[in-house]
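Take a first look at the model below. The paragraphs after it go chain by chain, then to the places where chains touch.

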Amino acid sequence: MRMRTVEISVGAFMLAGMLALVAMAVKVSGLSLKSGGETYELHAYFDNTGALKPRSKISMSGVTIGKVKEIELDKNTYMAKVVMDINRHIDNIPVDSTAAIVTAGLLGEQYISISIGGDEAYLRSGDRFEDTQSALILEELIGKFLLGTVNKGE
Amino acid sequence: MMNSASSCEENRTDNFIEIRGLTFYRGARAIFNNIDLDIPRGKVVGIMGPSGTGKTTLLRLIGRQLRPDQGSILIDGQDLSSLSRDQLFVLRRKMGMLFQSGALFTDLSVFENVAFPLRIHTQLSESMIRDIVLMKLHAVGLRGAWSLMPSELSGGMSRRVALARAIALDPEMVMYDEPFVGQDPIAMGVLVELIRKLNQALGITSIIVSHDLHETASIADLLYLIADGDVIGSGTPEEMLSSNDERVRQFMQGLPDGPVPFQYPADDYQDDLLAKRHTGSGGIQ
Amino acid sequence: MKFDVLDRLAQLGQFGLGHIQSLGRSGIFLFLAIFSRAGFSGRGSLLIQQLYNVGVLSLIIVTVSGLFIGMVLGLQGYSILVRYGSEGAVGQLVALSLVRELGPVVTALLFAGRAGSALTAEIGLMKTTEQLSSMEMIGVDPLKRIIAPRFWAGVISLPLLTAIFNLVGILGGVMVGVDWLGIYEGSFWTGMQQSVDFVHDVGNGMVKSLVFGIVVTWIAVFQGYDAIPTSEGISRATTRTVVYASLAVLGLDFILTAVMFGEL
């Protein structure tokens, strides 16, 4: 009888531990079971990726449609190559769309925003965005602004 | 070839245990210094000596929980040092040991404690195990206590349960480590009676390590007296009591001072007292 | 004077050798406990009993501590982040600090205090009362029968306890942040979900707690087995368990963090 209560409580304990792990997966890390394999890769080259990081989001019209998989330097072109995972069901991104690195608010995190082009052909897995806009570097912007003012003064 | 086999056979009938040239060090201190000892088959042998002479260590050497630095121990004709781990466990089934504290498994009931060696070493059915356990418990007079936990037993009872566990596998030899320490006279009498009965009825060779003179002398066929790492006397209780050896006499008659000094080895008394004054004043602060 | 220095050096050498020797002994001990042949029945029920002693009995202290630590994190995070108007990031703060660091480390420390010391004392007392010796004389290896189930129970329990600690802690953060301080629930959860990656954060946290489970239980059972069989010896061994296990957890945490999260 004692052994039985011990067994039941151990079973409950192990179940609770595993449920906690599942809860963390779903509720805390937002892991959804669907998103696993159902993505395809798109590439884009930028002059400067700023503070973009792996796992930054990719949005279209403000809706998240994927995330950055990896960022690496292309040794031949000296440009940053960004690999993106896009949800499989967003399969109609026109080939002349623009990928831009933008900032959420003035100091917020950076993400890639995609503006839709007008072409009839769609990007396939492994294709690249031809048209990109690099991250705005605040310091450069201020520098340009100051320079512009000085020039005007002359 | 034939000869050695027959002499081996002869050994088997004579002595259950033969210890030759046993030397054992603990640190730099020699617990045993080249001792010889025979335990005859089917006899009750008492190993006696002042506290701290390594009597328990001897039992652990026989049970191979410790390894000697030199010398050999033959048990039932088998040399302990030549045994593999598996052979050792087979040999240990022939030995039961009653530990000083009883050493019952505190997380198991009395019944399960006695059943433990049976479950480990035999494939007996549950009903067989039940019968054997109740038989053994009956032999020590505690059949009615089978459902208790060790914490509910008195000291004497737990030692009896431990004895039932030690004889569960019908060993050929039982070693008793200080069985009489801390027992009231009644419990002591019960234990003496049990050891005698087990020896006479089942022919179990018994080794009793003890410094309780009267109880041990009353049941032992043979006594060994150990002191200072050596066997200083051996013989039947009567022989020992009438021994002329001063050291034997001191122990057997319980004299406070003699060859075994009352004082632990120390520097000269007067020197020590005077020296204390110097070092003591600094030490206390 | 010269001899004095040599003496000191020799002492230091002895000291070092002694520690290396005890490390070696504990390593052999662990190896034997895990890998030597089993050879008796009823292993399952032994393990379950130990899971109960080690895991279930640690549940209360772990959940209560988790709840309070989550609540404190929520409160502190709010009071700082609200100045920058980004109190929505409280969820992210609570979840990340719990899942990556506080969960595994604090649970392991509590575990060392609650279960580790109990294991050491129990095994040490078994040694003192000659239960281990008598088991050996009956022909059962105490490493298998006593040590192995306790070791595995510890290794299994700690990650589960950590998962429960994390979840309860996050719920505590939600309670303080959302229910009491009025952070908008949507931004709380989405902020959390966007910053916490299952494999990278939750997974690595679990790996940490698995490592801690192995180390803490190993220290606990070895200290018990190696204890000097007197009351003083057991009390020292118990103290050593808690001290060594805590130091090992904190030191290993730094190393593991450097390896896992170092490049970010």
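A residue is buried if 20 or more other C-beta atoms lie within 10 Å of its own. By that rule, buried residues make up 20% of the 154 residues in chain A. Keep in mind that this is a predicted model.

Stay with chain A. What does chain A contain? There are two helices and eight strands. Read from the N terminus on, the elements run α-β-β-β-β-β-β-β-β-α. A helix thus stands at each end of that order, with the strands between. Now look at which residues meet within chain A. Take the contacts between residues at least 6 apart in sequence. Of these, 62% join residues at least 24 apart.

Next, the chains together. Which two chains do not touch? Chain A and chain B do not. Their nearest C-alpha atoms are 12 Å apart. Two pairs of chains do touch, and the most contacts are between chains A and C.

Start with that pair. Here 19 residues of chain A are in contact with 24 residues of chain C. Where does the side of chain A come from? Its largest share, 14 residues, comes from helix H1 (residues 2–28) of chain A. By class, the side of chain A that touches chain C has 12 nonpolar, four polar and three charged residues.

Chain C also touches chain B. That contact takes 11 residues from chain C and 16 residues from chain B. On the side of chain C, four residues are nonpolar, five are polar and two are charged.

Now go inside chain C. Find helix H4 (residues 90–128) and helix H9 (residues 231–261) of chain C. They pack at an angle of about 150°, with their axes 9 Å apart. Angles over 145 degrees count as roughly antiparallel, so H4(C) is roughly antiparallel to H9(C). H4(C) passes H9(C) in a right-handed crossing. The residues of the contact of H4(C) with H9(C) divide into 12 nonpolar, 10 polar and two charged.

End with helix H8 (residues 198–225) of chain C. Does its length fit its residue count, or what span should we expect? At 1.5 Å a residue, its 28 residues should span 40 Å. The end C-alpha atoms of H8(C) are 39 Å apart, which agrees. H8(C) is also mostly covered: 20 of its 28 residues are buried.

Conventions
Residues numbered from 1 in each chain as written. Chains lettered and ligands numbered in written order. Predicted model: local features only at pLDDT ≥ 70, side-chain atom pairs only at ≥ 80, totals over all residues. Helix = DSSP H or I, 4+ residues; strand = E, 2+ residues; numbered from the N terminus. Expected span 1.5 Å × (residues − 1). Buried ≥ 20, exposed ≤ 12 C-beta atoms within 10 Å, placed from the backbone. Contact = placed C-beta atoms within 7 Å. Nonpolar A, V, L, I, M, F, W, Y, C, P; charged D, E, K, R; others polar. Axes fitted to C-alpha atoms, helices over the stretch in contact; angles between N-to-C directions. Parallel < 35°, antiparallel > 145°, perpendicular 65-115°, else oblique. Left-handed = near helix turned anticlockwise from the far one by under 90°.
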